Every structure is written in C-alpha cells, then in structure tokens.
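Trainee: Could you take me through one part of this structure slowly? I would like to see how a helix sits among its neighbours.

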Amino acid sequence: MAKNSSILVGISTPNQILGALVPDQLCVGQQTYPPIVSPCQSDGYTSLESLSEKDKPWDKHRKNADIIAGYYRQGGMDSHADRVSFCSQLLEFKVIPDRRAGQQKLKLASTKFCRVRHCPICQWRRSLQWKARAYENLPKVMEDYPEGRWVFLTLTMKNCLLDELRGTLTHLNQSFRRLSQLKAFPGIGWIKSVEITRGRDGKSAHPHLHCLILLKDSYYKEDYLSKADWIALWKQCLRVDYCPVLDVKAIHAESSPVGLIAEILKYQCKESDMTASAEWFLGYVKQVHGTRAVGVGGVLREYFRELEEEPEDLIGHDEDATDENEGQSLYFRWNRKIKKYVMAQVTLHGVVLQVPSRDYENTE
Ligand SMILES: [Zn+2]
C-alpha cells in the first residue's frame, strides 16, 4: 500500500506528470511550442480526453464497442465478439507540433483495428478516411466541371420490418438505378449512401438513401425539377402507390458541396441505434451482410471509386507530422471500469520513461 501511495504521489500533480512526460517546449526551426496541458487531472491518472480535445470521441466509440462486443457474444458470434472486444485497446500517439495553433498536439501513430464492419471504432475511422479521400478529390471535380452545380437528395420509402430489410435494400437500390436511367434524370454523376435507422417500435427499420448529384449544365435552364417533380419521379421508380418522403437541397453556385460529403460518408447506422437493443442489432447485422453502404456512379466514378472499398489505412496522416519529434510516444490503454483511455506508458526513442501505477489498469 505504501509503495502504491508513493507512486500515486509521484504522478498526481498535473505539471509534474506533464513535466516528466512531455518536454517543456518543443523547438522546430524558428518556432517553439508550449507543452500540452491537461486541464482536468483526476484520481491519479491521465486520460486521453483531458490531453487532447480532438481525441475525445475515442472514449465514446470504445464504450459502444464494448456494448457491440457483448451483443455479438449474445448472438453466438464469438469471433466477432473477441475481435471487437480487443479492437484499439492500446493507442500509441506521437507528440507533434500543431503549426496553426502554435502548440503541441497528439497524433495517432499505431493501434490494432479489428476491421469488423459494425465495430463502432472501425466504422468511425473508416468514415474519417473516406471523408479525407473525398476532400482530396473534390477540388479535381470542381476544376474539371467549373460550372457544375449540385443537389443533395434524400430518398426514402416506408419503414419495413427488420426481417425484410435485405429485400427492401435491394428494392431501394434498384429504384435508384431506374431513377438514374430516366431521360428526365438531370444528374451526370452521383455519390450515394444507404442509411438505416431503427424504427421507434424496435422491430422495424427505416432505410433511405443520401445522394449528392452533379447536375447537367442545362439543369437550371431547361431540365429543372421542382420538389413535386422529384417526388413524382421517385414514386414512379419505387413503383409504389403512395407519395414517398423526399428531400432536395440545392447547393448555391458559389458554395462547395464539401459539407454534404460528410453527411453522406458518416455511418450506415448511428451508434445510438446499434447499441439500443441486442435483438435489433443482431437482426440488422444479418440483413445487411454483404450489402454495400456507398455507391458512386456516372462521371464521378473516376474520382471517387475508392469510396466503395474498405480503406486500407484507418490511422490517417497529418500534414503537420514531421520527423523532429518522432521519438516521443504516449500510450493510452482502454479502461473498461472507468470507460476512458488512460495513459499507460511514455517512451522516448523506444525507452520507457515512466509507467504509472497499476492501480488504474483494468481489473475486469
Ligand atoms: Zn474495430
């Protein structure tokens, strides 16, 4: 006990911890960067969220991953349960300069992702990488189609029973194909994604499509479609006798569709729906198995084809990353008990500088 207390005293003062773990300042060329400061140090551990604002989502996604791993276990899918359970347990970050803010920041350097499709962490990282790819390629489209205008369409249909989701998704995608082949369809290229929300009754699902469409030059001159026109076309392609709910958002000539790309590439099913019920989640997983979340068509295929594939890299790069300070790593381990990533180790060029008390490691 006495031994543990002395370790705790040694690491319980924020400045002392950070003085020991992070250099006072970092000098890169002419610029110096102040140390990272933890505003909320508590109970003798240093959490990831207290050191890095932008890395706060890790705790939420890892917490949901524990719930999803439990659901897979309940469904007898033990290998998926194990993989999601061990996903990203230990994160290695480098301390690098943040040139814009004039401070130091953390940059994810390595971890082990499970790559299970519905793992909340992998789903989040995949979405970040897709967005990064899309942001890189969008300026090329704007350059090649300088007069190009865009609309953002949300195409829905009536809810279906969860058991019928698979067939409904096929029907939804076929209906979109019919729409894109109509003579009246004013798009020359599109990115579309399927989103599925959980019905309020807990038994049904609400699948719908988000589509970002690059329009023909003639759209605002002779091929314009009012909302009522869009609904009529969608109804015809869905082959239903009711008026489906549809939303159409025009994007101003001066605006870029960049914000809507994030809307399309966010997730297939939001985490609060996935974690709401084991029964619904397991039914959903079975129904969407082997289906594709994102599709790209028309002239946009040559720019965004890679959005249809699993990104190889789930870590991501950082334009600020340099070699100057690459020696310093901070390791954070997931703590199931307190539901936070907690600093576990600091190394400089592979040499361990300090290992905090074991008191805060997982006991479960
Ligand atoms: Zn994962």
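Mentor: Happy to; let us follow one helix and then step across to a neighbour. Keep in mind that this is a predicted model.

Start with helix H7, residues 165-181. Its 17 residues should span 24 Å at 1.5 Å a residue, and the end C-alpha atoms are indeed 24 Å apart, so expectation and model agree. Now look at which side chains point inward. Leu-165, Thr-168, Leu-169, Ser-175, Phe-176 and Leu-179 are the buried residues of H7. Viewed down the axis of H7, they fall within an arc of 125°, so these buried residues line one face of the helix. Turn to the other side of H7 and you find Gly-167, Thr-170, Arg-177 and Gln-181, which are exposed.

What do the buried residues of H7 pack against? Their partners are the strands E5 (150-156), E6 (160-161), E7 (187-198) and E8 (204-215), together with the helices H8 (227-238) and H11 (278-288).

Let us step across to H8. This helix has 12 residues and reaches 16 Å from its first C-alpha to its last, close to the 16 Å expected at 1.5 Å a residue. Buried in H8 are Trp-230, Trp-234, Cys-237 and Leu-238. Seen down the axis of H8, they fall within an arc of 95°, so they too line one face of their helix. The buried residues of H8 pack against E5, H7 and strand E9 (246-250). One last detail to find on your screen: just after H8, Arg-239 takes a positive phi of about 60°.

How values were computed. Residues numbered from 1 in each chain as written. Predicted model: local features only at pLDDT ≥ 70, side-chain atom pairs only at ≥ 80, totals over all residues. Helix = DSSP H or I, 4+ residues; strand = E, 2+ residues; numbered from the N terminus. Expected span 1.5 Å × (residues − 1). Buried ≥ 20, exposed ≤ 12 C-beta atoms within 10 Å, placed from the backbone. Arc of directions from axis to C-beta. Contact = placed C-beta atoms within 7 Å.
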